[in-house]
Amino acid sequence: MTLIDRVTARFHDIVGESPRGIWSAPGRVNIIGEHTDYNGGFALPMAIDRHTVVAVSRREDGLVRVGSTLSGDVVTTELARCVPGSVSGWAAYPLGVLWALGGSRGHFPGLDIVIDTDVPIGAGLSSSAAIECAVAVAANDLWELDLDRMQLAYAGQRAENDMVGAPTGMMDQIASLFGEEESAVLIDCQIPEAQAVPFALASEGLAVLVMNSTVHHSHATGGYKDRRAACERAAVAMGVEFLRDLAVDDLPRLRETVDDVTFRRARHVVTENARVRAVAELLETDGPHAIGDFLVASHLSMRDDFEISIPQIDLAVRVARENGALGARLTGGGFGGAAIALVPRDALPTIEHEVRAAYAEAQFDAPDLFVVTPSRGAGRID
Ligand code: GLA
């Protein structure tokens with residue numbers, strides 16, 4: 001059964017009729033540029049061929065009802081009362097987007113929304129942004145808002161920051177909305193602006209392998225907030241608005257200005273911005289075979305300076321590299337989630353086998369391994 005069939009069947013169960021339409025939004029992997037987005041910096045993610053789909057219809061009584069194929073819960077609320085603090089749990093993502101689009105101001109019709117997904121949840125592949133962006137494109141159509149993609153990305157971020165309480169940047173939503181086939185999305189988060197960069201893998205004999213550690217994370221708690229606060233401290237101490245405004249040449253002065261931990265956090269961001277720009281340029285000139293070393297340097301910077309990796313991810317990265325990956329790194333916010341490896345297609349079976357074996361030997365839970373391809377961003381599919 002396809003996602004479309006499944007979500008349509010569930011919509012029938014809950015609403016008793018067919019949906020007005022079906023919209024879809026992809027998850028993402030970040031190729032490089034981690035924890036740079038909220039520092040006004042650069043990121044280079046790609047949308048992947050794993051999607052969240054939403055079946056949606058208008059309703060004329062001002063209510064919003066959201067259900068999903070993942071749980072039996074159906075949440076019903078007045079659109080006018082859909083504001084931060086009023087919703088918790090998974091429904092905060094779709095309802096947060098409706099709030100961010102102005103839904104609580106009272107002049108929009110209600111909606112029935114049913115969600116299904118094949119993006120693994122909590123794996124660092126932006127399952128939350130995929131829900132937000134699918135709902136955002138659906139509401140944009142059904143409420144005839146005529147917003148552009150960057151405005152929809154912003155609504156997704158507001159939902160996440162204000163309704164869910166996770167202080168994330170905009171990278172995930174921009175990737176999910178601006179993705180293109182055979183391309184990565186170069187984001188300048190300060191403007192913000194998104195631009196496609198060539199990332200054709202199949203014709204180069206390459207693949208991106210996701211190595212999901214299955215260790216779950218949440219960015220509404222703990223480490224993510226701490227890292228963001230450290231970056232903001234460093235920017236204030238250096239008299240700049242964002243760490244984006246510092247260059248690698250500024251690092252000696254930074255070292256004299258802040259404590260060691262704050263310095264290492266900021267050094268990750270400053271060097272990561274430089275790596276993103278270098279990789280984007282290399283993809284234009286030399287193609288994906290040329291970028292492996294930058295992925296490795298990015299991982300070491302996250303592991304040692306930003307300290308957001310975990311043993312399961314470090315192991316996957318190391319074993320992938322030892323068995324022929326051109327590069328590998330943690331992807332996403334960290335503290336769990338997944339790594340990616342850029343892999344010659346003929347090395348895939350060996351790498352998958354060796355990563356599984358290494359996890360078994362270390363007595364880690366089995367990893368979830370799968371190949372992803374760069375895909376088109378969110379839109380109506382039926
Ligand atoms: C999460 C956040 C993004 C970004 C990454 C780290 O995915 O949602 O905004 O900060 O972590 O690069």
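The legends below describe close-up views of a predicted model.

**View 1. An open four-stranded sheet with antiparallel pairing.** The strands of this sheet follow the order S9-S10-S8-S11. Its edges are formed by strand S9 (327-331) and strand S11 (368-372), each of which pairs on one side only. From one strand to the next, the twist averages 25°.

**View 2. The pairing of strands S8 and S11.** Strand S8 (residues 206-212) runs antiparallel to S11, and five bridges join the two. Within this pairing, leucine 209 has valine 371 of S11 opposite to it.

**View 3. Helix H9 against the sheet strands S9 and S10.** Helix H9 comprises residues 292-306 and lies across S9 and strand S10 (338-344). The helix runs at about 40° to S9, which is one of the two edge strands of the sheet.

**View 4. The residues around the ligand.** The surroundings of the ligand consist of Arg28, Glu34, His35, Asp37, Tyr38, Thr168, Gly169, Met171, Asp172, His219, Tyr224 and Gly333.

**View 5. Polar contacts of ligand oxygen atoms with aspartate 37, tyrosine 224 and glycine 333.** An N or O atom in the side chain of aspartate 37 lies 2.5 Å from an oxygen atom of the ligand. For tyrosine 224, a polar side-chain atom is 2.5 Å from a ligand oxygen atom. Glycine 333 contributes a polar backbone atom, at 3.4 Å from an oxygen atom of the ligand. Of the 310 Å² of accessible area that the ligand has on its own, 97% is covered by the protein.

Notes. Residues are numbered from 1 along each chain as its sequence is written. This is a predicted model: local features need pLDDT of at least 70, side-chain atom pairs count only at pLDDT 80 or more; totals for chains, interfaces and linings use all residues. Side-chain values use heavy atoms; hydrogens and water are left out. Two strands pair if DSSP finds at least two bridges between them. Axes are lines fitted to C-alpha atoms, for helices over the stretch in contact, and angles run from 0 to 180 degrees between N-to-C directions. Contact means heavy atoms within 4.5 Å. A residue is near a molecule or strand if one of its heavy atoms lies within 4 Å of it. A polar contact is a pair of N or O atoms within 3.5 Å; within protein, one must be able to donate a hydrogen and the other to accept it, and residues adjacent in sequence count only if both atoms are side-chain atoms. Accessible areas come from the Shrake-Rupley method with a 1.4 Å probe; for residues, only the protein chains shown count as cover.
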